[in-house]
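Me: I'd like a close look at one part of this protein, and I'd be glad if you could walk me through it at an easy pace. Here is the model I have in mind.

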Amino acid sequence: RQQVELRGYTLDSVPEIFERLRGVHLHSLQTGMDNLRNFNGCPLAGLTPHELFDASPVVMALDRQCVGPEGNPEFANLPRKMNVTVTGCLQNCTHNESQDIALVPAIQAGRQGFNVLVGGKMGSGGFTVASALDVFVEPAQAVEVVAELVKIFRDHGPRGPRTKCRFAFLIEEWGIPKLRNEVVARLQRELAPSGDDQRETGQADHLGITAQRQPGYLAVGLCVPTGRMHPDHLQELARLAETYGNGQIRFTVSQDAVIPHVPESHLARLLEEPLLDTFSPEPSPFFRKMVACTGTDFCNLAVIETKSHAVDLSKALEERLGPSFDPTSIHWSGCPAGCGNHQAADIGLRGMKVNIAGKPADAVAIYVGGRTGRQPRPGKLIMELVPCDEALPDVMVTILKHLELFKQVEREPVAKDRVLMVPDTLSLDEEVANR
């Protein structure tokens, strides 16, 4: 969620850390438990020429109202966590359709604003695509509407089994018309129907060199494999931001970092910095869109260690398929909670355990064809219990070479196994057609 997790500190150092963070307007308030999580937005908000308008003032206003400098009990103790994204970007750089509430750029009768999506989620039974609330709001109305939606969830959301407590389940019970009517009743005014969605059909990750809307300035997006940095990396990244930009660093939902406000005259020297050999603006196609959740290293929900498996697999795919292969999103989640957004990727891997010769081993279930954006769809499960061993790269190579055909595979064990065993010398098109 475009956040930084600092690990390995002693308990007695935490008060000083909190004070230092507050000194630069950062905090950890309400980031866990049953609260609103960090509000997502476009990492190039206010900078990219590919936005309808800069939505970051709405994001900041939401944070002030719902969290503020000391936390806000009015928006705490929800039935379950709640994810919100607000964006004016046209390039689908945030996973809007997997959010409990998403505001996406739209135009209604010549006015710029947001369409409202509700009820998306990733865990708790899989990816539920957010539904259109059939509401258009201008930026000045956005905070009020989001706040009322959160309060409706607080007041009426289910509080039974935790796997059934997300906003999506209240919407499933109520239906969209009832939810919309409740918002209108609380605001005591009618709301405009949805406008024309202005987003493009593709998706951007904002990696590489991007021209800002400010003439003469560039944003440089750096790939951070698995989203993990060591302290010296973080210090060096800060130095580069101070030396070549304006000191700002922005984070993406794909666990990458962006240094904005780089004058064109500084670019050549920035690209020569050693850190960019580690965090490249032009990564290989198998690292560019790779995402991995925390894994068993630091999460007690994870079933497998994700980050080392993700790096090993990406390196193996690079060796087998080469650097010119089309970038493909490969997302790892260590458990069904889906923190790696595995069902929103071209290929998603969900961690599980398998018994091999009487010993437990790491394995994955494999999904294909997931995506968010203008034409969202959940990734489809095609294989289960695939061990994370030396054969996994070969399985993935087969999937990558025939990805469009694997998207057609149904979950029928016999057919699934037959497709898995198709050799490269046989036409997979013919095999799928013969099923």
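How many disulfides does a search of the whole structure find? Please start from there, and tell me what surrounds the cysteines and the buried parts of the chain.

Reply: Happy to. Bear in mind that this is a predicted model. A search through the whole structure turns up zero disulfides.

Take C335 to begin with: this residue is in no disulfide, and the nearest cysteine sulfur, belonging to C299, is 6.0 Å away. A disulfide here requires two cysteine sulfur atoms within 2.5 Å. C335 is buried, at a relative accessible area of 10%. C388 is unpaired because its sulfur lies 12 Å from the closest cysteine sulfur, that of C293, which is too far for a bond. C388 also counts as buried, with 17% relative accessibility.

Now to the nonpolar interior. As a general tendency, nonpolar side chains in soluble globular proteins are buried together. The largest nonpolar core of this model has 43 residues, and those touching the most other members are L36, V86, F114, L149, F167 and L179. At least two residues of this core come from each of α2 (56-66), β1 (84-86), β2 (101-108), β3 (111-118), β4 (131-137), α3 (139-156), α4 (167-174) and α5 (176-187). The largest share, nine residues, is supplied by α3. L149 makes a good vantage point: setting aside neighbours within four places in sequence, L149 is in contact with M82, I101, V116, V118, L133, F167, L179 and V183. There is also a second, separate core, made of 31 residues, with L313, I330, L349 and L400 among them.

From the cores we can turn to open space. The second largest pocket has a volume of about 390 Å³. Its lining consists of 22 residues, and H95, Q203, K289, S329 and A344 lie nearest the pocket centre. By type, the lining residues divide into six nonpolar, nine polar and seven charged.

Two of those central lining residues lead on to buried loop positions. Q203 is one of the contacts of Q91, along with T48, H50, E200, G202, A204 and H206, when neighbours within four places in sequence are left aside. Q91 sits in the loop between β1 and β2, and it counts as buried because its relative accessible area of 15% is under 20%.

A344 leads to G370. These two residues are 26 residues apart in sequence, yet their C-alpha atoms are 4.3 Å apart in space. G370 belongs to the loop between β13 (359-368) and β14 (380-387), and is buried at 4% relative accessible area. Not counting residues up to four places away in sequence, G370 touches Q343, A344, A345, D346, R377, P378 and G379.

Finally, a word on backbone angles. Most residues other than glycine have a negative phi. H206, also met above as a contact of Q91, has a positive phi of about 60 degrees although it is not a glycine. H206 lies in the loop between β5 (196-197) and β6 (208-211), and is buried, with a relative accessible area of 6%. A357 is another non-glycine residue with a positive phi, near 55 degrees. A357 is found in the loop between β12 (347-356) and β13. In A357 the relative accessible area is 80%, so this residue counts as exposed, whereas H206 is buried.

Conventions:
Residues are numbered from 1 along each chain as its sequence is written. This is a predicted model: local features need pLDDT of at least 70, side-chain atom pairs count only at pLDDT 80 or more; totals for chains, interfaces and linings use all residues. Side-chain values use heavy atoms; hydrogens and water are left out. On a 1 Å grid over the protein atoms alone, a cavity is a set of points where a 1.4 Å probe fits but cannot get out, and a pocket is an open set with protein on both sides within 12 Å along at least five of seven lines; lining residues have an atom within 4 Å of a point. Grid points are joined across faces, edges and corners, and a volume is the space filled by probe spheres set on the points. Ala, Val, Leu, Ile, Met, Phe, Trp, Tyr, Cys and Pro count as nonpolar, Asp, Glu, Lys and Arg as charged, and the others, Gly among them, as polar. Buried means under 20% relative accessible area, exposed over 50%, partly exposed in between (1.4 Å probe, protein chains only). A nonpolar core is a set of buried Ala, Val, Leu, Ile, Met, Phe, Trp, Tyr and Cys residues joined through side-chain atoms within 4.5 Å. Helices (H or I, at least four residues) and strands (E, at least two) are DSSP runs, numbered from the N terminus. Contact means heavy atoms within 4.5 Å.
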